[in-house]
Amino acid sequence: MLRLHYNLEKLSMGMVVGIIVAASIGGAVEIAPLFTIDETVVAPDDLRPHTPLELAGREIFIREGCYACHSQMVRSLADEIDRYGPYSLAGESAWDHPMLWGSKRTGPDLARIGGKYSDAWHVAHLLDPRSVVPASIMPAYPWLTRSLDTRVLPGALATLAVLGVPYSEAMIDRAETDALAQSRPDSDAAEDVLARYGDAVALRSFDGDPSRLTELDALVAYLQSIGTLTAAAQEELEEAGK
Amino acid sequence: MTDATDPGRRHSAGHHGGDRPVDPVTGHETTGHDWGGITELNTAFPRIVIWALVLAFSYSVIAWILLPAWPLGHDYTRGLLGLDQSEEAVREYREMERARADWLAPFASAEFAALASDAPLMARAMPAAARLFADNCAACHQAKGTGGPGFPNLVDADWLWGGDPEEIAETLRVGVNSTHPDTRVSQMLAFGRDGILPAGDIELLVDHVLALSRGEDAADGPGAELFAENCAACHGEGGVGGLGIGAPALNDGDWLYGGSPGQIRTTLRQGRQGVMPSWEGRLSPSEINLLALYVERLGKGNRNEARE
Amino acid sequence: MTGTLSISERQVGLALAVALTLLGLVMAAAARQGPMAVHGAIAAALGLALVFRLGGALYDPEVPAGRRQRFYDAPTRFGIALTVIWAIIGMGVGVWVAALLYWPEATPPWPWTSFGRLRPVHTTGVIFGFGGNALIATSFHVLQRTARARLADSISPWAVLIGFNLFCIWAVTGYLMGSTQSKEYAEAEWYADLWLVVVWVTYFVLYMRTLARRAEPHIYVANWYYLAFILVVAMLHIVNNLALPVSLAGARSFPIWAGVQDAMVQWWYGHNAVAFFLTAGFLGMLYYFLPVRSGRPIWSYRLSIVSFWGIVFFYIWVGSHHLHYTALPYWVQTLGMTFSVMLLIPSWASAGNAIATLNGAWHKVRDDATLRFMFVAAVFYGLSTFEGSFLAIRPVNSLSHYTDWTVGHVHSGTLGWVAMIIFGAIYTLAPQLSGRETMAWPRAVEWHFWLAVTGALIYVVALWNAGITQGLMWRSYDDNGALSYSFLQSVMAMAPYYLMRTIGGALFLSGAILCALNTRATMRRATGAVRAWDRPLVPGPAE
Ligand code: HEM
Ligand code: HEM
Ligand SMILES: [Ca+2]
Ligand SMILES: [Ca+2]
Ligand SMILES: [Cu+2]
């Protein structure tokens with residue numbers, strides 16, 4: 001062995017090949033089977049993709065780096081189930097490009113935040129966290145009151161469709177109007193959003209002002225959708241251990 | 001191999017016997033290579049490292065045998081223990097539930113009077129209620145239940161929906177203006193925005209509501225008639241509230257949305273529809289009842305004072 | 001810089017600078033607005049500055065003959081200057097974001113000053129800006145000295161350094177503008193990722209060509225590590241950053257990976273960014289500067305072999321320890337855990353080899369703050385790898401994951417190991433490259449050492465306490481089987497630790513500033529004298 005190495009270390013290309021081989025094995029063994037073992041990801045039947053408004057909100061979540069403080073991954077541990085709700089399933093994020101599981105909980109996990117608070121609370125909290133939670137150390141996001149730029153949405157949906165998220169032609173074409181309609185429950189187009197994305201979608205003026213479509217609308221719509229795209233996790237927990 | 005620098009060559013006997021330089025400090029030979037002044041010793045591989053490697057590898061092998069470990073194309077080795085992490089977690093979670101059962105299960109009954117009078121039970125249950133309140137409710141109602149703009153104070157003597165544990169529990173279960181199918185519904189109409197009342201009338205009503213809140217006898221004031229016609233149906237004669245439809249009393253100094261003329265004007269112009277989420281599904285029925293009793297107790301002190 | 005290039009090299013450089021300017025203009029014109037347009041403008045401005053610099057010097061006198069008989073140190077000097085600049089930027093932002101967690105009201109109302117946007121500026125600034133420049137700069141030096149050969153050409157070192165720093169600038173300014181892929185340590189958008197591939201290939205080719213000229217047939221251990229760093233980082237970077245842009249004229253892209261596979265790819269990358277960027281490369285640095293400064297031979301060549309291949313082989317398996325108890329399948333977690341435990345052996349073998357190398361030089365460790373930096377680095381390396389292997393055990397990770405314990409571990413590795421070895425290397429290199437015996441202010445090195453050690457210890461100890469407190473508060477049940485603490489109570493419990501961390505960080509930062517000033521003073525007063533023995537044995541490249 002020693003002699004083998006003694007000769008190898010005289011060959012720069014030998015070292016290169018050796019390093020590449022040694023450093024490829026682990027990744028190949030751990031990553032490739034995640035695509036071949038079926039039980040790794042079971043996409044739930046009732047899983048729906050994000051609406052355009054929610055997707056826009058997700059982009060804002062990413063842009064502002066909320067994931068630096070908030071995980072979206074309830075681990076399979078009793079205390080986490082107790083505090084946050086059903087542990088997260090791989091299927092729940094099957095269409096998430098990228099995933100936002102996070103690695104640090106400076107603030108609480110958000111995997112089950114959808115429906116926990118009211119829109120008005122989220123608005124107040126995002127604009128000034130300490131107005132509702134005096135001890136909070138979360139930063140304020142006063143600029144989220146600006147108008148939402150919806151022009152990027154059709155392209156975003158189309159790109160995700162290429163990557164396998166089930167966005168139909170109609171969803172892509174109508175992305176901009178759907179985004180607006182979701183925040184205007186009284187508008188005619190609102191029904192179309194439900195027709196395309198399912199009745200569970202929240203049609204509300206999320207920031208309380210239906211006359212303007214703002215970044216707050218998008219971010220709050222996204223927060224309220226987290227954990228509600230499928231009931232699979234809830235169902236699995238209820239069935240398990242019965 | 002006869003390379004003079006071959007490290008595999010036998011270590012020469014004695015310190016100075018070999019043809020490669022020996023390090024005087026350690027007494028070990030160098031490998032004979034020189035990289036611009038850097039040399040290295042051909043010190044034998046320390047035994048302890050081998051043992052450590054063997055130990056770490058044995059640990060790993062045992063883990064691989066016992067636990068799910070190696071992928072096999074479309075499957076993986078399950079391990080002798082047959083562990084599944086979510087099953088494990090659920091088992092532990094159910095264990096905790098069982099540990100709580102003896103004091104939490106009674107709350108499923110909703111016999112509030114009996115529960116409240118069982119002092120040892122309450123003593124065991126209230127810390128859990130406090131934690132549930134802090135993690136779920138304090139965001140809106142504040143840590144001590146004192147509320148804030150738009151979020152009702154739970155420790156004063158005023159109730160929008162009634163202060164009996166039964167009613168509180170129902171509020172928690174279905175929420176107010178929530179997404180629950182049986183939600184409690186309440187709405188303060190947008191008298192200004194929806195053109196129900198002209199701006200002048202609204203100004204009169206603002207003054208009238210302010211007068212009511214100061215406890216003045218405003219029965220003859222210019223706003224009184226408007227109030228009786230438009231508002232009393234929800235807020236009661238003279239704004240006493242308490243009709244159990246979510247409309248607050250206006251004849252006290254406590255405000256949900258604020259008592260400055262400007263804030264009252266906004267309320268009258270744009271209406272209000274506060275949302276309290278429904279907790280059914282997120283919290284168990286016992287937890288909801290537990291919280292109802294906790295909330296009822298939160299303001300006991302204040303409420304007794306108010307009654308005196 | 002231009003003075004060290006021949007006229008024909010200046011012409012090639014000029015052509016490259018024109019190409020960069022054009023690339024920037026095309027990007028700016030295609031995007032018209034948003035981060036990509038700004039980045040195009042930055043590239044064009046940089047290209048233009050280089051055009052003027054090279055164009056202005058195009059007909060300056062030809063370089064003196066005989067430069068082939070010298071090592072090419074100008075890029076190293078430039079790289080060291082960049083290293084200390086990024087140290088101040090990256091750690092300055094680190095101290096600032098640390099302060100924000102204690103004092104969130106201090107956040108100004110502008111989007112770009114928000115914690116979530118500044119945090120990746122810190123991580124990218126320190127890992128890539130500070131760490132990356134240090135690695136590149138020292139690799140040029142180490143490669144030439146151990147190969148006894150001059151760099152294979154004179155253009156590509158500059159291309160690598162300038163290109164790499166353009167990547168860093170694109171990355172951090174992108175985050176400030178809200179442009180990010182959200183993948184930790186790989187947040188930069190698709191075009192920056194592509195650019196880095198080009199830079200990296202150039203780096204690799206330069207490295208191999210120079211290595212091929214070595215005088216000693218055997219490749220020195222330090223170079224094995226640098227080579228592993230270059231190769232594996234390329235592999236990780238490409239796979240993790242595979243993404244589909246929404247439009248070629250815009251910054252936004254979506255990673256091709258989703259959900260659990262994305263998580264695994266991300267942490268396969270994320271962990272090995274630690275392994276091959278923050279560890280392998282720096283072990284290369286340690287393997288050179290420690291024996292040079294202590295004047296001692298490496299303690300055991302045989303141990304080096306085992307630790308090197310152990311590190312290269314084991315490390316790549318362990319990324320899944322970042323995903324314990326998540327929706328990642330259990331079997332991958334088991335592999336991540338067991339390989340992390342086995343990884344401890346080669347890691348400690350490296351640390352042990354380094355420390356044993358100091359046998360016979362302990363008096364120098366006592367007297368020489370520079371060598372002490374390296375010694376402390378090796379100790380912290382041992383400490384943080386032990387801690388890492390411990391944290392990788394599932395039940396331990398159930399407590400530590402998501403908490404500040406991880407951040408404490410990170411900084412025992414980065415402050416204690418990465419930063420200390422860099423400082424040790426800089427204090428060895430700066431005088432040598434300036435033809436001096438010592439740094440301009442030798443006593444400042446001593447000061448820096450104590451500031452750094454105190455700062456790092458305060459930081460790490462505070463966050464151990466913070467993280468363990470947090471983890472215990474989250475999971476503790478009372479006698480009645482109910483969770484004892486609300487989340488917010490755990491947030492409030494962090495305040496004193498966050499304050500201490502800020503103070504520790506500020507001490508560490510002041511040391512780094514001292515280092516920057518000292519380095520500047522040292523390199524400013526360069527004598528130009530070259531030690532007679534410090535020259536290539538192999539003739540330089542054909543002009
Ligand atoms: C002046 C010294 C420093 C201070 C005050 C500091 C402060 C911080 C803070 C406040 C965070 C965010 C932690 C959180 O989100 O809770 C952080 C993260 C991080 N820092 Fe530093 N830092 C310093 C130096 C460094 C250096 C020199 C490096 C690398 C060479 C480094 C690498 C990192 C990394 C990798 C993270 C991300 C950790 C994670 O995601 O778990 N830091 N630092
Ligand atoms: C044997 C060596 C090591 C092992 C097994 C190891 C293991 C670990 C583990 C288990 C975590 C926590 C993951 C989590 O719960 O989220 C972690 C995080 C981290 N470690 Fe290490 N570590 C090692 C050495 C190092 C060194 C030397 C450094 C720095 C120079 C370092 C930098 C980091 C960073 C930056 C993170 C944070 C990643 C993130 O969440 O953003 N590690 N490491
Ligand atoms: Ca992290
Ligand atoms: Ca990237
Ligand atoms: Cu790791």
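This passage describes a calcium site, the surroundings of ligand 2 and the cysteines of a predicted model. Residues are numbered from 1 along each chain as written, and chains are lettered from A and ligands numbered from 1 in the order of writing. Local features require pLDDT of at least 70 and side-chain atom pairs pLDDT 80 or more, while totals for chains, interfaces and linings use all residues; side-chain values rest on heavy atoms, without hydrogens and water.

The calcium ion (ligand 3) is coordinated by A:S103 through OG and by C:E184 through OE, listed twice, at 2.1 to 3.0 Å. Donors are N, O and S atoms within 2.8 Å of the metal, or 3.2 Å for Na, K and Ca; water is not among the atoms, so sites may look incomplete. The arrangement is irregular because the six donor atoms around the calcium ion subtend angles of 46 to 158 degrees. Six donors count as octahedral if opposite donors are over 155 degrees apart and all others between 65 and 115. A:S103 lies in the loop between helix 5 (78–84) and helix 6 (119–127) of chain A, and C:E184 in the loop between helix 5 (156–176) and helix 6 (190–211) of chain C, so the pair joins two chains. Helices are DSSP runs of H or I with at least four residues, numbered from the N terminus. Both A:S103 and C:E184 are buried (under 20% relative accessible area; exposed is over 50% and partly exposed in between, with a 1.4 Å probe and protein chains only).

C:E184 also takes part in the surroundings of ligand 2, which lies between chains A and C. Of the 28 residues around ligand 2 (a heavy atom within 4 Å), C:E184, C:Y185, C:N397, C:H401 and C:H409 come nearest. Polar side-chain atoms lie at 2.8 Å from an oxygen atom of ligand 2 for C:E184, at 2.5 Å for C:Y185 and at 2.7 Å for C:H401. Helix 8 (259–294), helix 10 (330–357), helix 12 (369–391) and helix 14 (404–433) of chain C each give two or more residues to the shell. Helix 14 of chain C gives the most, with six residues.

The count of disulfides (cysteine sulfur atoms within 2.5 Å) is zero over all chains. For B:C234, the nearest cysteine sulfur, that of B:C231, is 8.5 Å away. B:C234 is partly exposed, at 34% relative accessibility. The sulfur of C:C515 is 18 Å from the closest cysteine sulfur, in C:C168, which is too far for a bond. C:C515 is buried, at 0% relative accessibility.

Key. Tetrahedral: all angles 85-135°; square planar, octahedral: opposite > 155°, others 65-115°. Polar contact = N/O pair within 3.5 Å; in protein donor to acceptor, adjacent residues only side chain to side chain.
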